[in-house]
Amino acid sequence: MIKYALRRLLSTIPVLWIAVTACFFVLRLAPGGPFDGERPLPPVILKNLAIHYNLDKPLIQQYLIYVGDLLRGDLGPSFASEDFTVAQQIMIGLPYTFTIGTAAFVLAIIIGVAVGCLGALYQNKTPDYILGALILVGVVLPNFLIAPILQLIFGIHLAWFPVGGWGDGSIKYLVLPIVVLALPHAGRISRITRGSMIEVMNQNFIRTAKAKGIGPRLTVMRHALKPALMPVVSYLGPAASYLLTGSLVVESIFGLPGIGRYFVNAALNRDYGMVLGTVIFYMVLIVFLNLLVDIAYAWLDPKVRNR
Amino acid sequence: MNQFTKKFLASAMLGTLLAFSAHAATLNIHNGGDPQSLDPQKLSGDWENRIAGDIFEGLVTEDAKDNPVPGQAESWTISPDGKVYTFKLRDGIKWSDGQPVTAGDFVFAFQRLVDPKNAADYAYLQFTIKNAEKINKGEITDLNELGVKAIDDKTLEITLENPTPYFLNALMHYTAYPLPKHVVEAKGQDWVKIGNIVTNGPYKPVEWVPGSHVTTVKNDQWYGAKDLKIDGAKFFVLEDQEAALKRYRAGEFDILTDFPTDQYEWMKKNLPGQAHVAPFSGLYYYVINSTKPPFADKRVRQALSMAINREVIGPQILGTGELPAYSWVPPGTANYGEPAYVSWKDLPYKDKVEEAKKLLKEAGFGPDHPLTAELKYNTNDNHKRIAVAIASMWKPLGVNVELVNAETKVHYDQLQRGEVQIGRAGWLADYNDPDNFLNLLVTGVQMNYGRWSNPEYDKLIKDGNAETDLKKRAEIFKKAEQLALDDSAALPIYYYVSKNVVSPKIEGFVDNIQDIHRTRWLSMKE
């Protein structure tokens, strides 16, 4: 297993290098530069800035400087935030995104699996229809629509939670963003769980369990849940990478200092260093999360483990 | 009750009291974007200026109405030729670490600003100072050649290249703030980090969470600290205006520095007196490429300008009542008085359209031979709405418009390259003076996107800037402005407005043309 994990990690190095190289050159080809804007800077200032950020050098030399710095673990400067390097900004934003993302991830699994199991147990009965309709709302409505609605109801009218901000980081500040972030994933998890559970419940070993007189709750918990979760686990990898890399929409609407907005803002600002830094960060995170999913898969399915 | 419990309860009570009192006088400001830096020489946005102007103070500063008033300098004299300014610093002014602010700190800051190796974006705003531009270009390498000298610790002398009547206004800009030489030299680039940074303004920063907020507290070393009514401010990063308005309604923000225009009517009814919409020193205009046919023909440019129904754009298309622009310099700009206007300003719109049709016909265009134009704008709902509306206003003239949008960086890149027939642009004044607007149409200036060129105009602007008598200067400038308007050098559309929402518990907030509201002038009702 360790050998497998190491091999997987090593195989990502060339992928990462190709991605960084492609990203580096594509960014430079994009029209508009980091210092273009409503107020054009005089040529003398532009020249000074170019020298300051090595942008006056030939492109290939800029690339070699970047890769050299990268190998030393330096993600370079950010053009849009001069007081913090790219690495410092990611490290500052990460705890916020990680806290919200992890909580949303756990909440999505709990709600999704519970609702999915109930839906399967009450297949085509009233609770199934009600839960299915509620879940559909979570999946279909985009979070830029749900967030303001929740802010209006629970923030302004009922005043149960703050409308936005991180505040002191206490739970009351986090409830709304976590719920908004978790809802669509909870919906998808519940649908996958329900379908998978219905399939498992029709299999022979479940019939045998039922024939032995084991109650439906115990049947589900002891026999059906584990195999039914296999497709859910496949979904958890991409879901986790989405949640842990932060959501631009949720962070923007709730004014949270996470890293979700970095990539889009950096791309719009032509903040070359920040775009590359976030690409590298996302890729490393995705590789790591996919590895975790594979390990979880192996734990759930002995056939995978013995392969 | 044992000793530990007593201590715990006492500190808990004290903590609660402190927390309560701190909350009571802390201003929560929705400030828009994330500051690029706290270093005044690395800033470029109004959201950064709000923080910088609270924590630093220049020789001259703003009052609540944005008029220049003594800041770190208690007085100044100007030489008869208008070139040499001598400032006397206040007694006892200190940095937040207790060290004295000296004339040397100003010399250090100005030298650092123009030093090319520091690549300060806005260094050019102080190019009126003797040798500033030459040093920045690398033509002079000795920083001591800059026209800023410390006569002694309390006296600073600034020599200009030419007499510059708006120089005091330019000194209010953050590029003219002093820097703590002792800290910058000791800490290098890290001088600006929280924990290291030392400031000389009414407040000092104590916390910066990128993407969230910057917190300031009262700077007890500032000469007027005892008169401050607000203990500190939290400047929140939040670019989503809808979300900001919700947080304001929930009482989480005391001031919004912008709001969604489509909410203005709702706010007037539901938050009476809280939405402040006021004239702002900025112009929204369309660039028109006067170097290429058919736009090189003045009649075409004028026809397009006349057919824009400016009266409906502010009230109906934007909904916030922006005033129609018929001049190049917004009314209310300092050192100017009433601006020059296009000659056809007061014609009824119907007559304007008829005249526009006539002009286009003379230029060879009409329903049989329609004029085709490309109109470029940067991606934004309001820019799009205005472009669609103006294209429909040009339709009766037989003008077919193709709308092309691009993200801001790409759009301005195209404007600078001159790859535009008609393009959207805007200008917000850096300092309150007509030169800041009129300069946009001078030949060869980068921001002259339409490449309009008129030697007489250029000469008038040069002459105006050499004139020390403000009245005569305004007359010369007005002649230049009239020349540009008569030639339809560009198409002014509306004057910007500032859009703030201010809680009724805030006092001292005065609308002004630069939209600058320093915390020091505000107070908060209980």
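The paragraphs below walk through a predicted model, beginning with chain A, passing to a sheet in chain B, and ending where the two chains meet.

Chain A is a good place to start, since its secondary structure can be stated briefly: it contains 14 helices and 0 strands, so that a reader who follows the sequence meets one helix after another, in the pattern α-α-α-α-α-α-α-α-α-α-α-α-α-α. Along its principal axes, the C-alpha trace of chain A extends over about 85 × 55 × 30 Å. One residue of chain A deserves a second look, namely A:Asn54, which has a positive phi of about 65° although it is not a glycine. To find A:Asn54 in the structure, look at the loop that connects α2 (43–52) with α3 (59–71) of chain A.

Chain B, by contrast with the strand count just given for chain A, includes an open sheet of 4 strands, arranged in the order β4-β5-β7-β6 with antiparallel pairing. At the edges of this sheet are β4 (73–78) and β6 (148–152) of chain B, each of which pairs on one side only, and from one strand to the next the twist averages 20°. Within the sheet, strand β5 (residues 84–89) of chain B runs antiparallel to strand β7 (residues 155–159) of chain B, and 5 bridges join them; one place to see how they face each other is B:Lys88, which stands opposite B:Thr155 in β7(B). Helix α3 (residues 103–114) of chain B lies across β5, β6 and β7 of chain B, and runs at about 170° to β6(B).

Elsewhere in chain B there is a peptide bond to notice, because the bond between B:Pro293 and B:Pro294 is cis, with omega at about 0°. B:Pro294 itself sits in the loop between β12 (275–288) and α9 (298–306) of chain B.

We can now turn to the contact between the chains, to which chain B contributes 50 residues and chain A contributes 47 residues. The size of an interface is often expressed as the accessible area that is lost when the parts come together. Between chain B and chain A this buried area is about 4000 Å², and carbon and sulfur atoms give 54% of it.

What polar links cross between chain B and chain A, and how many residue pairs are in polar contact? The count is 13 residue pairs, with both residues at pLDDT 80 or more. There are also 2 salt bridges across the interface of chain B and chain A, including the one that A:Arg270 forms with B:Glu407, in which the closest N and O atoms are 3.0 Å apart. On the side of chain B that touches chain A, the elements giving two or more residues are α4 (132–137), β8 (203–209), α7 (241–249), α13 (408–417) and β16 (422–428) of chain B, and α13(B) gives the most, with 5 residues. Sorted by kind, the residues on this side of chain B comprise 24 nonpolar, 9 polar and 17 charged.

Key. Residues are numbered from 1 along each chain as its sequence is written. Chains are lettered from A and ligands numbered from 1 in the order in which they are written. This is a predicted model: local features need pLDDT of at least 70, side-chain atom pairs count only at pLDDT 80 or more; totals for chains, interfaces and linings use all residues. Side-chain values use heavy atoms; hydrogens and water are left out. Contact means heavy atoms within 4.5 Å. Buried area is the accessible area (1.4 Å probe) that two parts lose on being put together, summed over both. A salt bridge is a side-chain nitrogen of Lys or Arg within 4 Å of a carboxyl oxygen of Asp or Glu. A polar contact is a pair of N or O atoms within 3.5 Å; within protein, one must be able to donate a hydrogen and the other to accept it, and residues adjacent in sequence count only if both atoms are side-chain atoms. Ala, Val, Leu, Ile, Met, Phe, Trp, Tyr, Cys and Pro count as nonpolar, Asp, Glu, Lys and Arg as charged, and the others, Gly among them, as polar. Two strands pair if DSSP finds at least two bridges between them. Axes are lines fitted to C-alpha atoms, for helices over the stretch in contact, and angles run from 0 to 180 degrees between N-to-C directions.
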